[in-house]
Amino acid sequence: MVEKASANQSIDRMFRITEAMAAGGRAMRLNEIAEKSGVAASTAMRILNAMIDNGYAQQDSDTQFYSLSYKFLWVGNSMRENLSLNQLLHPYLREIMKRTNMSCALGILNGSEVTYIDEVISTQQMLRVYHHLGYSYPLYLNACGKLFLSEFSKAALNKYFQRTQLIASTPKTLCTRESLEADLKSIQSRGYSMNDEEGVLGMRCLAFPLRSSGGEIFAGISVSGTVYQIPKDGLDVFISTVQGIIEKMNDDCAPVFTRMQTGELL
């Protein structure tokens, strides 16, 4: 039998500890956690300390009992919120795909990256575009990502540039702060963003914002194809078609998303 790699063993033990504590439904002593999870007490202590450092567990200073933190509730609610959002918006993604014959996807801000959580693939494209659901992309190198960046405050944008290295993927990548900030200003004025062969040569992607009732961008819809499938001389009609559906999405979904944000639908 092949032994699991050390990192995999640690992850496996952490899950066992988490499940044992969740099943217990109460604060527990270290020895009880070790017994119920089948993890040695010394190893369990190291894992619990790491969970505490990351906000996923806590220890009572008086009793020394351990318990899971409410961060797990936040994770669960966030996942359920995204699943609800998928179910709500998927029919509109399908409508965009049918009207444009292009693949489209739903992206959300995930820290300093954008993550796609739903997509519809066009079977009419000879070269089909896939967004790799759950995978995260750099904001500056992604049409949806640039939508979110265009809404960053000056302070938030400064922090982003301080911690992000702008690496060119193609000769057309906007990999200087000056060129990227100029593009972000254009996005603010025209209401959509474009990745024009910046990530992959020959590929073009436009992204449109979905906003809550308060006006904040809570997600982006990207529509992708080759430069031949989305030619620049036909952009006006293409954009008008997509924006018409986006406007209906915003009218129908913004109040619902606002209720999700306040917890009414969780």
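Here are some questions and answers about salt bridges and cysteines in this predicted model.

The model is predicted, so local features need pLDDT of at least 70 and side-chain atom pairs count only at pLDDT 80 or more, while totals for chains, interfaces and linings use all residues. Residues are numbered from 1 along each chain as its sequence is written, and side-chain values use heavy atoms, with hydrogens and water left out.

Q: How many salt bridges does the count come to?
A: Let's start with the rule: a salt bridge is a side-chain nitrogen of Lys or Arg within 4 Å of a carboxyl oxygen of Asp or Glu. Going by that rule, the count is 11.

Q: Which residue forms a salt bridge with Arg-26?
A: Arg-26 is partly exposed at 45% relative accessibility (buried means under 20% relative accessible area, exposed over 50%, and partly exposed in between, with a 1.4 Å probe and protein chains only). Its partner is partly exposed too, with a relative accessible area of 22%. The closest N and O atoms of the pair are 2.5 Å apart, and that partner is Glu-32.

Q: Is Asp-183 buried or exposed?
A: Asp-183 forms a salt bridge with Arg-190, with the closest N and O atoms 3.7 Å apart. Arg-190 is partly exposed, at 30% relative accessibility. Asp-183 has a relative accessible area of 13%, so this residue counts as buried.

Q: Which residues are linked with Asp-183 in a network of salt bridges?
A: Arg-190 forms a salt bridge with Asp-183, and that pair belongs to a network. Linked with Asp-183 there are Lys-146, Arg-190 and Glu-198.

Q: How many residues apart in sequence are the parts that Asp-196 and Lys-232 tie together?
A: These two form a salt bridge, with the closest N and O atoms 2.9 Å apart. Asp-196 sits in strand β6 (residues 193-196), while Lys-232 is in the loop between β8 (217-226) and α8 (235-262), so the pair ties together parts whose separation in sequence is 36 residues. Helices (H or I, at least four residues) and strands (E, at least two) are DSSP runs, numbered from the N terminus.

Q: Which of the two, Asp-196 or Lys-232, is exposed?
A: Asp-196 is buried, with a relative accessible area of 12%. At 51% relative accessibility, the exposed one is Lys-232.

Q: How many disulfides are there by the rule?
A: A disulfide is a pair of cysteine sulfur atoms within 2.5 Å. The sulfur of Cys-144 is 6.5 Å from the closest cysteine sulfur, in Cys-205, which is too far for a bond. The disulfide count comes to 0.
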